[in-house]
Amino acid sequence: MRSVLVLILMSFAFILKAQNIRHIETINDNWDFYKGKIENPFSNDGSRSWEKVTIPHSWNTQDILDDEDGYYRGDGWYKKTMVIPEVYENQQVFLLFEAANQVTTLYVNGKEIGENHIGGYTTFTRDITSAIKKGNNEITVKVNNAHNDEIVPQSADFSFFGGIYRDIKLIITKPIHFEVANLGANAIFIRTPVVSESTVKVTVQSKLVRPKKGKYYVQQTLFDADYNIVKRIKSKSVFEKDDFSEFSVENPKLWSPENPYLYKLVSEIVDKKGVVYDRLENPVGFRWFHFDAKKGFSINGKSTKLIGTNRHQDFLGKANALSDEIHRKDMQLLKEMGINFLRIAHYPQDPAILEMCNKYGFITTLEIPFVDKAAANEAGKQNSVNMLKEAIRFNYNNPAIVAWNLGNETTMKAPDKLGETYTKHFIETHKVLAETIKAEDQTRYSYSVFFREPAYQHKLGIRNTQLVGYNKYYAWYRDELEDVDKLLRDLVKRTLALDPDKPFILSEYGGGADPRLRTYNPTRFDFSVEYQFLLHKSYMKAILEIPEIVGANVWNYADFQVEHRKDVVPHINNKGLVSADRKKKDAYYLYQALLKKTPFVAIASKGWRKRAGIADEIDGQVATQPITVVGNGNDVELLINGKSLGKQKFDFSTVTFKVPFKQGQNLIEVISERNGKTIKDFATIDFTLQAKNLKSKSNPFKEIAINVGSYCYFIEQHNLDYLWMPDQAYKKGSFGYVGGEFLRTKTRRRNNIGTDVSIKGTENDPIYQTQMIGINQYKFDVPKGTYELSLSMAELKSRGENIMDILVNDKKVWENLNLKKKYGKDRGVSKRFLISVDDENGITVDFKPVKGKTRLSGIKLRKVN
Ligand code: GCB
Ligand code: CA
């Protein structure tokens, strides 16, 4: 009998202990998913087929990347049968959605729980206690990502992927607990009204759910990073009142980008006997900071130039449904890049991101997706305010955050062109959002970001935040590299003239780069990795030299998916410093060289492994090409295949060597030194040496592919890195075009080579997007033999009818070719011909206009025997 009693008591004690603190678990696995409308979700309609999915999940992973315009925007249904663990009976049960895009309806056992959640990027919780039962429970979630006039974003340069794309969690608390199901899903608000090197005053506001009866206390314990208790205080909780605890810490360790020291605050609800009912943990960082229009940003009294990037939350082929590991890896790559500033754009992101911002010491700004234009109606305004409140409350305790941004380029759609009613709502939205920031959080700055002339926003009265950022694409969409410094200085001047106390932040700048495009003749808007490198070099020079630029963020850390965007890679905005699958581009290494405090050296173009070139001389054995090295040492030595090319000094962290490449594998090594430490980098390059004279005996002709109408090499990543070379005008003994001109897009803003038309039927868009128009001939001075000749063509943005005959060595091979009529416009077409050369005259391909103009996009020649 006694032993039974002991056993019962023991197990009771065990349960009590297990129940003491809140239970949180992810419930990501084993969901059934159906894409489409369901009229009656709870009828047992077996005809519908559900797919098993795991959260994070999006239903737009594929359709944003295909050739068809548009992507699915509608309902998606998730359901799951779940047993709530029995040990938690009589407890409070909640579901927490880190995010679902963008309207979410939750049902438990067929009963709708609360109101729809509006907005695709903020975290929310629902109390499901009254709907659950013993045994199986049916959780059903409807998510809808259709356009909605009342919800921002209304329009943006990113994709509105639908789904439950972040973790979903089950939270179980005792009836007495810190609030869970409130706007912003947060119950603890930590403030540090006084911070100095000698002392910190901390106040903690806690929101409790508790019965009227009973004595409860809120206990706050501050731990240092080594888990030592620094402070513990207890205060009596008053029914229906928030608890305020106050304490101070002497000689605090400060949080800063250099030393992001984090304390931890444990908040507990306890009773008289010390039984713990609920427990929450939050990071704490002690810092004070200040933005000054003239002196810049300072943290803990130390002035600090803010340099960093923006970040979106998607990944190639995964839409926005990323694992926490990818989120954290992104933050790690940014840390290794040397940044101290992050703009979380254009919406709140995964908690994993904020966790790492705190740990890595990134000065962070966070925003809501009020992008391009307003949801210009009463509901739209209210939804935007709620979204901002959720964002601020949920993320309140992240010491990394210094400013809340209410919107991005909200004048993209010019209000004065959208009518009076629109403008009224638009201006009110700006006003009420700025007020919301001030009401919600007096410890941080309010912020907004524009791209139009400062005076334009000024006139509308929407430069009403403490900080204003500018997105500027000088030397990309317009203007040239050499003017970047001047243009930025002028812009800074104009903004400070309007308001001398408003600090200037360059919230976006950048240019596109497709890792498949490489060139030694970079030009604006060619999407080459090399042009992007030069652009960032020019900007960084200017940014570091102009003191009034308080901070700057590269657009963007990574390439991201925009369904409607059509550049060289359709559906991808490739302004990233890493690709959409996180491969580093050259400019990433430039930032490392400029920003890192630890010794660093890198061969900037080491990601370009497959290269080719024309020998320097007739029958020559090498082709000399430039190699740029970046580093933070004084100088660097470069070796090619074991042979030193000597040392050169860095200038603005970059230096270029002229490197002779031979046929086959080449090893480049670079050796530098900083602070007495030797650092090295290497690259292996697979080089195809083309003879200068195609009839060379020592290096006989085998094969060549030419990206006609372009200065760029093109690497076909989907075809084992098959390499296309840049075009050239015909040179005797070699190859090239005769007649014609490069296709150019001539608009007011652009005069760039090629077009941005998305090409059907191929992944090699850049080959087809660049072409020679009005070409007369293409010539190869090759020896006798049998050859395979391949022509690639597409008719793009052409006027009228274009018909041509194509002849090879005077023989008609393609007669009356009307590309548009035969294949349709914007379609890539390529055809191979077998030809034999029986004399010393090589190959001449003639393009003869029958009507309109001739054209050619790419040409390949291979010697069969
Ligand atoms: C901007 C926008 C951003 C775009 C970017 C671009 O100014 O804020 O959303 O993606 O320009 O690449 O054009
Ligand atoms: Ca081309």
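**Cavities, a calcium site and backbone details**

Colleague: How do the residues lining the largest cavity divide into nonpolar, polar and charged?

Modeller: The lining of the largest cavity comprises eight nonpolar, ten polar and three charged residues. Please bear in mind that this is a predicted model.

Colleague: Which residues lie nearest the centre of that cavity?

Modeller: Of the 21 residues that line the largest cavity, Phe-525, Asp-526, Val-568, Ile-753 and Thr-770 lie nearest its centre. The elements giving two or more residues to this lining are β49 (751-753) and α10 (765-769).

Colleague: How much space lies in the largest cavity, and how many cavities of 30 Å³ or more does the structure hold?

Modeller: The largest cavity holds about 190 Å³ of space. The structure has five cavities of 30 Å³ or more. In the second largest cavity there is about 80 Å³.

Colleague: Which residues line the second largest cavity?

Modeller: Its lining includes the aromatic residues Tyr-121, Phe-158, Phe-161, Tyr-347 and Phe-560, together with Asp-314 and His-312. The lining of the second largest cavity divides into five nonpolar, five polar and one charged residue.

Colleague: Turning to the metal: what are the protein donors of the calcium ion (ligand 2)?

Modeller: Thr-770 donates to the calcium ion (ligand 2) through both O and OG1. Asn-707 contributes OD1, while Val-708, Ile-767 and Ser-857 each contribute O. These donors lie 2.3 to 2.5 Å from the ion. Thr-770 is also among the residues nearest the centre of the largest cavity.

Colleague: What is the geometry of that site?

Modeller: The site of the calcium ion (ligand 2) is irregular, with angles of 75 to 170 degrees among its six donor atoms.

Colleague: How are the donor residues spaced in sequence?

Modeller: The spacing is N-V-x58-I-x2-T-x86-S. Asn-707 and Ser-857 are 150 residues apart, and this pair links distant parts of the chain. Asn-707 belongs to strand β43 (residues 703-707), whereas Ser-857 is in the loop between β57 (855-856) and β58 (858-863).

Colleague: Are Asn-707 and Ser-857 buried or exposed?

Modeller: Both Asn-707 and Ser-857 are buried.

Colleague: What is the volume of the largest pocket, and which residues are closest to its centre?

Modeller: The largest pocket has a volume of about 1100 Å³. It is lined by 36 residues, and Glu-281, Asn-282, Pro-283, Pro-351 and Phe-394 are the closest to its centre. The largest share of the lining, six residues, comes from α3. Domain 1 (20-178) and domain 2 (188-284) each supply at least three residues to the lining of this pocket.

Colleague: How does the lining of the largest pocket divide by residue type?

Modeller: There are 16 nonpolar, seven polar and 13 charged residues in the lining of the largest pocket.

Colleague: Now the backbone. Where are the cis peptide bonds?

Modeller: One runs from Asn-101 to Gln-102, with omega near -5 degrees. Gln-102 sits in the loop between β5 (92-97) and β6 (103-108). Another joins Trp-555 and Asn-556, with omega about 10 degrees. Asn-556 is in the loop between β32 (549-554) and β33 (560-561).

Colleague: What is phi at Glu-409 and at Asn-816?

Modeller: Glu-409 has a positive phi of about 45 degrees although it is not a glycine. Phi of Asn-816, also a residue other than glycine, is positive and near 45 degrees. Glu-409 is in the loop between β27 (401-408) and α5 (420-440), whereas Asn-816 is in strand β54 (residues 811-817).

Colleague: Why does Glu-409 count as buried, and why does Asn-816 count as partly exposed?

Modeller: Glu-409 counts as buried because its relative accessibility is 9%, and buried means under 20%. Asn-816 counts as partly exposed because its relative accessibility is 47%.

Definitions and conventions:
Residues numbered from 1 in each chain as written. Chains lettered and ligands numbered in written order. Predicted model: local features only at pLDDT ≥ 70, side-chain atom pairs only at ≥ 80, totals over all residues. Heavy atoms only, no water. Donors = N, O, S within 2.8 Å, 3.2 Å for Na, K, Ca; no water. Tetrahedral: all angles 85-135°; square planar, octahedral: opposite > 155°, others 65-115°. Helix = DSSP H or I, 4+ residues; strand = E, 2+ residues; numbered from the N terminus. Buried < 20%, exposed > 50% of the residue type's maximum accessible area, 1.4 Å probe, protein only. 1 Å grid on protein atoms, 1.4 Å probe; cavity = no way out; pocket = protein on both sides within 12 Å on 5 of 7 lines; lining within 4 Å. Points joined across faces, edges and corners; volume = space filled by probe spheres on them. Nonpolar A, V, L, I, M, F, W, Y, C, P; charged D, E, K, R; others polar. Domains from an automatic or database assignment.
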